[in-house]
Amino acid sequence: MKFYRDVVTFHYENGMRLHVLPQPGTAVEVECFIRTGSIHEGRHLGCGLSHFLEHMMFQGCRDYPGTAVSDTIDRLGGTMNAYTSYDHTAYHATVAAKHLGTAVKVLGSMVRYPEFPEARFRAEREVILRERELGVDNPSRRLFEALNQELFKIHPMRHPIIGYRELIAGVSKEMMETYYRERYTPGRCFWIIVGDVVPEQAYEEIGALLGDWPAAHLAEALLPEEPVQCAPRSSSFRFADPLARLATAVRIPEASHPDIPALDVLAGIFGMGDGSRLVRVLELEQKLAIDLRSFCYTQPCGGLLGIGCTAAPGKLNKLQSALKRELEKIRKGDLTQAEVEREKTQQTADHLRQLRGLREIAADIAGGVIANDAPALSDLYMEKLAKLDVDDIRRVAATYLDENSFATVTQLTGKESARIHSAPAPKPPRPETSRLGNGARVLTLTDRRLPMIDLALLLPAGTIFEAPAQGGLSGLVADLITAGTKYHNETEILRRLDGCGADLSVNSGLNSWVLELNAPRAKFKKALEILAEILHAPAFGPEEFERERYNRLELLRSRAQSPRAAAQDLARRLLFGSHPYGWGVNGTEQQLAALTPEQAHEFYRSRWTPSRVVFGFGGDCSAEKTREFAELLAGGIDWNQPEIELPPEPVFQHGFRSGALPIEREQTAVIRALPGISGCDRRYPAFEILNQATNGLASQLFRSIREDNALAYTTGMQMSGGFHRGSLMFHVITTAEQAEVADRLIAAEIDRLATEGLREEEFLAAREGAAFAAARLTESVGSALTASVLSLHYGRPAEESWLHEAELRACPRDSVNETIRDFMDNTAAVRVFAGRDIPTA
């Protein structure tokens with residue numbers, strides 16, 4: 001498949017380039033890249049200048065002063081953001097196609113005409129210091145940083161992209177301005193545009209804005225070449241967390257090297273899926289790892305091939321020894337053609353999934369440009385991937401898995417510090433619904449753009465259906481569904497799914513299970529037959545039950561050491577009390593510890609109530625075919641189950657309550673929670689608009705907490721709920737010293753919403769954003785399918801997602817504000833502090 005053959009490339013005289021790929025739809029993805037990142041900071045290595053500069057680009061430029069950059073995109077209903085890598089910085093925006101010109105002007109003005117207001121510079125430096133502290137508080141981030149420092153001894157990749165706290169604190173405005181002038185030049189700039197766009201129009205608009213940007217500072221400093229590693233390297237550090245962690249990796253060549261496709265397959269065989277070699281042996285069979293995943297991370301300047309895993313502290317040494325033995329077996333050629341074919345099938349399917357999203361397509365093109373100035377590199381990569389056989393994988397295993405090339409880091413427990421016109425957009429598919437003979441509903445969403453089929457099977461499960469003594473049961477059973485059947489063990493099931501290129505997941509939430517299966521059309525029937533066996537004859541073996549329960553308990557204990565997660569859990573308990581929403585999707589340690597395999601089996605069996613089950617199929621399939629698929633899955637199910645009743649509505653205790661959790665972390669979480677709205681409430685669209693207004697770079701909450709006071713890197717509001725009223729949680733992650741100030745600012749924002757509601761400009765931008773998000777939901781088969789089965793679950797029409805954009809745009813401000821005031825002016829509120837030296841609750 002030559003997906004990227006229609007990429008159009010333009011060159012500007014000043015060295016800038018543009019790559020455009022027209023795609024049908026309603027949106028356009030606009031991305032501007034600067035080929036400069038943390039490895040290019042020269043004498044200021046470790047200061048994080050590239051990342052700091054990225055932040056400052058949002059603080060005003062010639063045509064968009066102050067916060068007008070994010071405000072402008074927000075008013076259009078779009079989204080924008082940026083990121084910094086080792087060797088490039090990217091600015092991206094997703095907007096409706098009619099707003100392409102504005103998105104180009106915003107991004108172009110940011111990179112060419114930035115302003116660096118002194119006050120904003122100082123404030124943003126504090127924000128970045130908070131962001132750095134978040135990384136220091138994250139054991140997985142610390143592990144990866146330490147691994148990089150073992151693998152790279154002189155190359156700048158050894159330093160974190162964000163920089164080090166002491167060096168960030170010393171960054172001056174003059175340092176940043178000098179770095180900007182030297183590195184932000186047209187010769188290092190290229191654009192990617194994907195979506196409903198005419199290439200020449202984009203070329204002209206970018207040229208009008210940046211065509212006269214003068215070329216300058218063309219010379220590139222030579223980066224040091226990392227010496228060949230001739231002996232194993234290792235290090236360890238301590239971190240106050242119940243789980244231990246291990247990461248091991250070898251250096252691999254640059255992203256354009258011909259060995260990369262084979263190395264990607266090797267990484268997949270290691271541990272990129274639940275059926276992969278190391279997951280099967282070390283996690284499922286030997287039970288040494290709780291969570292294991294491999295990675296193959298490439299850059300133009302080199303990358304990493306490795307494995308990261310978590311374990312109980314007492315098992316870490318055994319895990320390390322066992323991992324070393326398994327890698328040595330693979331190095332010596334212990335690989336089969338079947339393993340290679342399964343992984344090739346899986347990676348091909350993953351590639352097809354990626355082609356469903358504009359942002360993903362743009363990232364694919366950018367990867368080829370950055371690697372080798374080749375926008376269609378991904379197509380060439382897939383051709384190489386298709387030709388690989390087991391001998392190719394054995395060769396790269398023997399070449400790169402030399403024990404002397406490995407670096408290993410362990411985290412121990414304990415404290416330590418020509419004009420082309422876009423094709424007309426096809427009409428979006430609409431769902432068709434029918435019923436099986438027993439009353440179960442079947443939904444079909446036909447979309448033949450790609451040879452893929454999706455399944456979204458909804459069952460009445462989740463927290464809301466758990467008995468008081470059985471919190472966490474739904475999530476535990478969801479984990480067990482794929483852990484083997486009466487006829488095949490877990491490993492065999494996972495291998496067979498991998499052989500189909502299938503992606504299977506079971507997601508347990510507050511109000512439902514959604515089982516999602518995705519596979520290429522040619523393999524979907526086979527994947528469905530495997531799923532039928534899983535659903536008809538799950539084993540729920542005692543050994544697998546104990547393993548999954550143990551893993552969930554350990555993850556709960558780890559969660560208790562995360563300020564934000566722990567604060568959210570306590571706020572939920574205070575708000576909901578004994579209602580199922582009070583223990584949430586994870587349950588409590590006491591509830592999990594008391595669960596039995598018999599309860600798990602009975603809970604699963606009782607979910608098959610015809611009136612509440614929905615089979616949803618989407619993609620390259622017809623309604624006739626999906627009915628056949630649904631009957632295949634339904635045929636072996638015991639449907640004679642009684643109707644499932646919901647528990648009573650939660651009763652919210654009046655009066656303000658506080659909670660406090662001492663946790664030894666650098667950061668402190670501040671949570672304020674209020675009773676929320678039911679997903680079945682006709683006023684729910686008002687809260688979608690509120691959610692848009694309280695999150696993002698342009699929100700009043702973000703400005704107050706971060707922009708005006710530089711208290712935190714992250715802040716916002718989260719909604720939850722479903723059949724019953726849920727919660728609204730406002731959060732800030734800050735320092736212990738600033739926790740009370742942050743709390744007062746959250747309280748002030750809640751009071752403003754309760755008394756004034758959303759201002760006109762704020763409301764219009766939020767409504768546009770919510771409507772745009774609703775419109776985009778129907779463009780992806782997978783997301784539209786899941787949204788449709790959930791709509792049926794909550795008693796709403798399957799077509800709701802296709803009608804929802806218009807519903808949101810019709811919402812008047814007065815009505816939305818009346819709803820917001822009704823909910824914000826609520827005495828049943830809670831506040832929680834979690835972290836080091838927390839204020840008295």
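This passage covers model confidence, the cysteines and one helical glycine.

The structure is a predicted model. Mean pLDDT over the chain is 94. A score of at least 70 is reached by 98% of the residues. Residues 417–423 are an area of low confidence, with pLDDT under 50 throughout. For this stretch the model still has 15 contacts beyond four places in sequence. Where pLDDT is low, predicted coordinates should not be read in detail.

The disulfide count is 0. Cys189 takes part in no disulfide. The cysteine sulfur nearest to that of Cys189 belongs to Cys32, at 3.7 Å. The pair does not count as a disulfide because the sulfur atoms would have to lie within 2.5 Å. Cys621 is likewise in no disulfide. Here the nearest cysteine sulfur is that of Cys500, 17 Å away. This separation also fails the criterion, because the cut-off is 2.5 Å.

Both cysteines were also assessed for accessibility. Cys189 has a relative accessibility of 2% and so counts as buried. The relative accessible area of Cys621 is 3%. Cys621 is therefore buried, as the limit for that class is under 20%.

Gly207 lies in helix α8, which covers residues 199–210. Its relative accessible area is 22%. Gly207 is therefore classed as partly exposed, because buried residues have values under 20% and exposed ones over 50%. Leu355 is 148 residues from Gly207 along the chain. The C-alpha atoms of Gly207 and Leu355 are 28 Å apart.

Note on methods. Residues are numbered from 1 along each chain as its sequence is written. This is a predicted model: local features need pLDDT of at least 70, side-chain atom pairs count only at pLDDT 80 or more; totals for chains, interfaces and linings use all residues. Side-chain values use heavy atoms; hydrogens and water are left out. Helices (H or I, at least four residues) and strands (E, at least two) are DSSP runs, numbered from the N terminus. Buried means under 20% relative accessible area, exposed over 50%, partly exposed in between (1.4 Å probe, protein chains only). pLDDT is the predictor's confidence in each residue, from 0 to 100. Contact means heavy atoms within 4.5 Å.
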